[in-house]
Number of protein chains: 2
Amino acid sequence: MPTQAIPSYQRVEPGSVNIPVEDLTKIQTAKPTDIDNATEEWVSSFNKAIQSSDLAGLTDLFLPNAFWRDHLCLTWDFHTIKGTDKIHEFLKQGCRLKNIAVDRSSDFRKPVVTGFDGQGKVQGVQTFLTTESDVGRGMGVARLVETEGKLKAFTLFTSMRELKGHEEATFGRRPEGVSHGEQPGRKNWQERRIADENYEDSEPAVLILGAGQGGLTPAARLKMLGVDALIIDRNERVGDNWRQRYHQLVLHDPVWYDHLPYINFPANWPIFTPKDKLAEFFETYAKLLELNVWTSTTIKESHWDKSKGQWTVVLERKKKDGTTETRTIHPKHIIQATGHSGEKDFPSHIPGISDFKGDRLCHSSEFTGADLNGKGKKAIVVGCCNSGHDIAQDFYEKGYDVTMIQRSSTCVISSRAILEIGLAGLYDEQGPPVEDADVAFWSIPSSVLKSIQVDVTATQNKHDAKVLEGLEKAGFKLDQGPDNSGLFMKYFQRGGGYYIDVGASQLIADGKIKIKQGQEIAEVLPHGMKFADGSELPADEIIFATGYKNMRTQARTIFGDEIADSVKDVWGFDEEGEVRTMWRKSGHPGFWFFGGNLALCRYWSRMIALQIKALEEGICKYDDR
Amino acid sequence: MPTQAIPSYQRVEPGSVNIPVEDLTKIQTAKPTDIDNATEEWVSSFNKAIQSSDLAGLTDLFLPNAFWRDHLCLTWDFHTIKGTDKIHEFLKQGCRLKNIAVDRSSDFRKPVVTGFDGQGKVQGVQTFLTTESDVGRGMGVARLVETEGKLKAFTLFTSMRELKGHEEATFGRRPEGVSHGEQPGRKNWQERRIADENYEDSEPAVLILGAGQGGLTPAARLKMLGVDALIIDRNERVGDNWRQRYHQLVLHDPVWYDHLPYINFPANWPIFTPKDKLAEFFETYAKLLELNVWTSTTIKESHWDKSKGQWTVVLERKKKDGTTETRTIHPKHIIQATGHSGEKDFPSHIPGISDFKGDRLCHSSEFTGADLNGKGKKAIVVGCCNSGHDIAQDFYEKGYDVTMIQRSSTCVISSRAILEIGLAGLYDEQGPPVEDADVAFWSIPSSVLKSIQVDVTATQNKHDAKVLEGLEKAGFKLDQGPDNSGLFMKYFQRGGGYYIDVGASQLIADGKIKIKQGQEIAEVLPHGMKFADGSELPADEIIFATGYKNMRTQARTIFGDEIADSVKDVWGFDEEGEVRTMWRKSGHPGFWFFGGNLALCRYWSRMIALQIKALEEGICKYDDR
């Protein structure tokens with residue numbers, strides 16, 4: 001089916017699977033009773049079955065259409081296995097999971113009766129688990145429903161947290177900080193730190209490209225596991241990737257969703273983090289955790305030696321004194337963390353785009369901010385996602401006459417609705433510890449999440465009804481994401497296509513920001529823009545908030561065709577509903593993609609670090625299942 | 001009694017009270033039973049008594065020699081009132097405390113049976129309390145013993161945590177970070193932050209001198225209460241006060257004791273923090289909490305206007321571009337946080353001290369570190385406390401021939417003994433949240449703490465027996481602090497006089513660091529030192545680790561005689577066992593002293609911030625009881 005035939009809101013990353021919406025209405029369930037004993041019984045039967053390899057007995061503990069989602073407890077990859085037949089099939093090759101137990105260590109973790117669907121109609125027992133595999137310990141979540149007087153699993157989630165014998169060097173395993181007693185010729189911390197960061201006598205095992213959240217979080221996790229990682233970034237300072245973005249940028253996600261591993265944002269941190277404040281936090285984060293970062297550094301050459309299983313990478317590092325140092329290193333792993341999106345998607349093919357005579361024409365990534373006094377000036381913003389809206393609002397607030405060009409449709413959910421409906425109870429001020437929230441979130445198989453999100457989106461739309469109506473009246477075209485599952489799923493399946501409304505929607509509804517809808521751009525004029533329908537708009541400034549290409553495009557630019565051809569496309573779901581290629585084996589040994597928003601980086605950084613640590617320690621091989 | 005007659009170990013800050021060791025053996029107590037009901041009953045009777053002003057009924061709930069320690073719930077000062085007569089007397093003037101309740105919110109807080117003395121012989125019920133006064137809410141601790149079948153208070157502690165209606169802007173009261181909706185002409189966070197920090201359109205209500213822990217922590221607490229504070233520091237960077245100290249400096253207190261308010265050290269922070277790492281944390285701390293700090297800034301002039309109740313302060317600020325800005329501000333409060341010690345105590349009166357011809361002669365505060373190759377060089381370190389030992393160890397490890405000059409005696413406890421005995425259970429990896437530990441710690445009246453510390457010190461000495469014996473054999477003179485109460489009390493009562501052993505003691509015992517004991521210095525020779533007994537020691541380097549003067553000396557230097565004469569001496573105990581003049585009203589309106597180690601700053605920063613906030617809001621006046 002040609003792409004054109006799929007409506008925009010249904011579009012997913014090319015080659016990825018538009019995961020179906022799970023039909024939860026079919027689940028027949030009674031309200032469970034005596035949940036503590038019943039849960040313990042289920043867990044005990046489960047353990048008996050896996051420990052005696054009784055696969056028939058095991059699958060009998062699941063509903064026929066149940067899901068088992070696993071992150072590194074069963075294989076060295078991420079899987080969501082659906083249905084008892086497939087679970088049976090999957091485990092015939094062996095079961096590395098050895099044991100689970102009910103986790104009662106907090107009210108959030110212990111068994112509770114709750115709704116599993118978006119409307120609370122499917123009631124069952126949810127409990128956190130501790131898990132143990134042959135090599136690791138982890139956490140999990142079981143969702144059990146009572147059917148024919150017995151609990152059966154609707155979903156099971158198992159997720160590794162640590163490798164046995166290689167636990168994190170935190171809390172009880174923190175460093176001493178000093179060697180008491182006699183130490184002739186000792187260096188102090190500062191001297192050791194400088195030597196470490198400059199790799200005076202050593203080389204990093206892992207090279208990470210990019211010092212944003214995608215680079216910092218795996219570096220932090222690896223550090224705690226004793227795997228030496230060097231982050232490089234082409235910018236002068238950690239955080240510059242955020243500092244250099246547009247003037248008004250403030251995160252659209254709230255603080256409770258955004259904590260990074262090991263250092264939560266402080267108690268007075270604003271709900272929505274401004275870009276420069278985030279940049280400052282990133283700088284601080286690297287310092288406090290002692291991450292090794294080389295800024296103003298780029299890759300000049302890179303080569304993978306298959307036989308040695310290592311890279312040769314030539315780095316060019318601009319030093320503060322103006323000199324440039326060239327250094328060759330031999331990491332075993334490279335993590336590309338250059339942004340979950342790839343290169344900017346700038347429509348340079350549009351006729352006339354190079355001949356614009358106005359004040360400014362650029363991609364949103366190059367937009368620094370509207371002029372303080374925009375009175376009498378005209379601006380066009382192409383693209384109607386977060387950046388496009390923020391930029392249009394900035395123009396409007398500075399006095400510009402601004403028009404947004406919306407070519408297809410946009411999923412709009414207000415920031416308030418996301419806080420009060422989408423994230424409420426999980427990522428909020430009264431929520432559980434953020435890493436528990438993550439386990440709860442990732443325990444939901446993608447097709448089940450999609451089903452829940454259909455209901456959540458409908459509720460959010462009701463909350464936002466007035467402004468959405470205003471938008472439509474103003475000619476703005478709305479969608480509800482793939483299969484009406486809203487913003488979250490649009491993010492996972494397409495990486496964009498939405499606006500978290502922080503005020504621009506009302507400006508559009510009020511006609512303060514104008515909308516030109518449904519027209520492709522035919523031509524950029526010297527002082528304006530011409531559309532497919534022949535209409536024209538004058539402009540002193542044109543900003544293309546047209547997004548980014550697939551992350552793989554950047555792999556091609558940096559590492560060349562050989563690497564880019566051997567990895568798979570990034571982002572969007574595979575047929576199981578796990579995100580493709582990111583955070584997991586890329587298809588090329590020693591090459592990893594890493595990124596996503598802060599919350600994704602928080603959870604998945606542990607996963608990539610465990611995979612790399614296991615490889616480094618010889619606990620697994622790259623081709624191991 | 002002339003000072004000379006008091007043995008060194010008994011010496012306290014001049015004018016302060018050598019608080020007696022409470023005799024806990026006199027307390028007759030039965031093992032309490034049914035502690036939950038009995039505790040609730042005691043609390044209920046207590047509330048009834050204070051609410052009906054039944055002072056006889058109230059004092060009947062206390063042992064005759066009981067203590068009531070209060071921090072801001074009863075008065076706008078700190079008091080430890082001993083004995084039912086005095087409690088009765090004290091409350092006759094009114095009781096601002098309105099209510100207490102048993103705090104069962106955690107295992108650490110809820111009523112438990114525990115020992116109140118150092119040996120666990122006095123058993124009773126300890127419970128955390130929540131407290132409410134006319135203007136504030138707080139926490140407390142009651143220690144109740146069963147006597148004649150009823151619980152009676154042995155100690156009661158009440159401590160304010162927040163002012164009603166002026167709660168901290170944290171968690172549920174955190175800022176939004178962005179104003180959603182239309183905001184023409186809006187500034188972004190970075191612009192607002194720069195304007196705030198430079199006081200472009202405003203003035204600080206509080207000026208804080210010194211950006212160490214003593215300046216940063218009150219600034220942080222005040223920020224959360226919405227009181228604008230400017231910290232100034234003469235150094236170029238926040239943390240330089242630590243960076244500039246000697247090369248090998250590592251905190252002698254462990255991480256669990258050292259957390260600052262709002263931002264705990266991360267989970268991988270070393271147990272003992274190296275100086276440069278602490279400096280980095282301080283810089284980070286100011287940034288993350290958005291504290292206003294002007295570095296390279298000094299006070300040129302200051303004047304207190306009594307009628308207006310405000311200061312006029314002329315500041316000189318060296319800017320990064322090399323220019324100097326002069327700025328006059330009018331704060332209502334000045335907090336001197338220039339170090340709990342005052343100016344360096346350098347014995348410039350010693351004959352010949354200006355004519356030393358060796359490589360280096362300086363105070364320990366100016367010592368940057370021993371030369372990398374000290375072979376063949378001779379060093380003398382005068383003074384045997386923490387700095388003196390660290391410096392001597394540094395010299396030894398770099399190959400110097402080093403002698404320490406011990407004029408009186410030193411209290412030596414190993415770092416290990418402090419961790420495993422002194423702080424165990426309270427400030428350790430498995431301990432309660434640090435602010436709970438603080439409440440538990442400060443709930444103990446000083447004379448009771450002293451009694452406990454006598455036992456703790458004896459246990460620590462047993463732990464350290466071997467190295468202590470070695471020290472004495474080497475001619476090193478040991479003491480156990482005032483009344484044998486050890487290091488903690490020596491810190492509070494004298495501000496020094498101890499060594500937390502991190503290795504130098506063994507070097508002394510082994511003769512690797514030499515000791516010259518009991519001799520005053522008669523003269524500094526061009527290449528050595530001459531002692532009262534006529535003996536001489538050659539030296540290429542002489543370091544005076546002779547400590548610091550009273551904090552008041554620095555007030556005199558900076559603010560002049562008028563201010564210095566109107567404030568009281570700082571540090572050491574008052575007759576109630578509360579620390580003098582520090583953290584509380586100094587005797588001069590609008591002038592405060594603040595400082596102490598990180599742990600002290602953590603607890604007391606809240607207290608000073610509440611006092612200042614109450615004054616700023618008109619909740620109390622300076623002369624209010």
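Copies of the chain are superposed by least squares on the C-alpha atoms of residues with pLDDT of at least 70 in both. In this predicted model, that puts chain A on chain B with an RMSD of 0.0 Å, after a turn of 180° and a shift of 0.0 Å along the axis. The two copies are therefore related as by a two-fold rotation axis. Within chain A, the residue that comes closest to this axis is A:Thr284, with its C-alpha at 3.0 Å.

Charge on the surface shows up in patches of either sign. A positive one draws on both chains, being formed by A:Lys287, A:Lys320, B:Lys287 and B:Lys320. Of these, B:Lys320 sits in the loop that runs between strand 12 (310-318) and strand 13 (324-329) of chain B. B:Lys320 counts as exposed because its relative accessibility is 89%, and the cut-off for that label is over 50%. A patch of negative charge brings together A:Asp196, A:Glu200, A:Asp201 and A:Asp228. Here A:Asp201 belongs to the loop between helix 4 (189-197) and strand 8 (206-209) of chain A, and A:Asp201 is exposed too, with a relative accessible area of 71%.

Then there are the paired charges. Side chains of opposite charge can pair when their charged atoms come close. Over all chains, the search turns up 95 salt bridges. One of them is a local affair: A:Glu469 and A:Lys473 meet at 3.6 Å, N to O. These two are four residues apart in helix 13 (residues 465-473) of chain A, so about one helical turn separates them. A:Glu469 is partly exposed at 45% relative accessible area, while A:Lys473 is exposed at 69%.

Other bridges reach across the sequence. B:Lys150 pairs with B:Asp60, their closest N and O atoms lying 3.8 Å apart. This pair links distant parts of the chain, 90 residues apart: B:Lys150 is in strand 7 (residues 150-163) of chain B, and B:Asp60 is in the loop between helix 2 (55-59) and strand 1 (62-71). Both ends are partly exposed, B:Lys150 at 42% relative accessibility and B:Asp60 at 39%. In the bridge between B:Glu435 and B:Arg161, the closest N and O atoms are 2.8 Å apart. B:Glu435 lies in helix 11 (residues 434-442) and B:Arg161 in strand 7 of chain B, so the bridge ties together parts 274 residues apart in sequence. B:Arg161 is buried, with a relative accessible area of 14%. Over in chain A, salt bridges that share partners join A:Arg137, A:Glu162, A:Glu167 and A:Arg173 into one network.

Methods. Residues numbered from 1 in each chain as written. Chains lettered and ligands numbered in written order. Predicted model: local features only at pLDDT ≥ 70, side-chain atom pairs only at ≥ 80, totals over all residues. Heavy atoms only, no water. Patch = residues over 30% accessible without salt bridge, like charges linked within 9 Å, V, L, I, M, F, W, Y side chains within 5 Å. Areas by Shrake-Rupley, 256 points an atom, 1.4 Å probe, with all protein chains shown as cover. Salt bridge = Lys/Arg side-chain N within 4 Å of Asp/Glu carboxyl O. Lys, Arg positive; Asp, Glu negative; His and termini not counted. Charge placed at Lys NZ, Arg CZ, Asp CG, Glu CD. Buried < 20%, exposed > 50% of the residue type's maximum accessible area, 1.4 Å probe, protein only.
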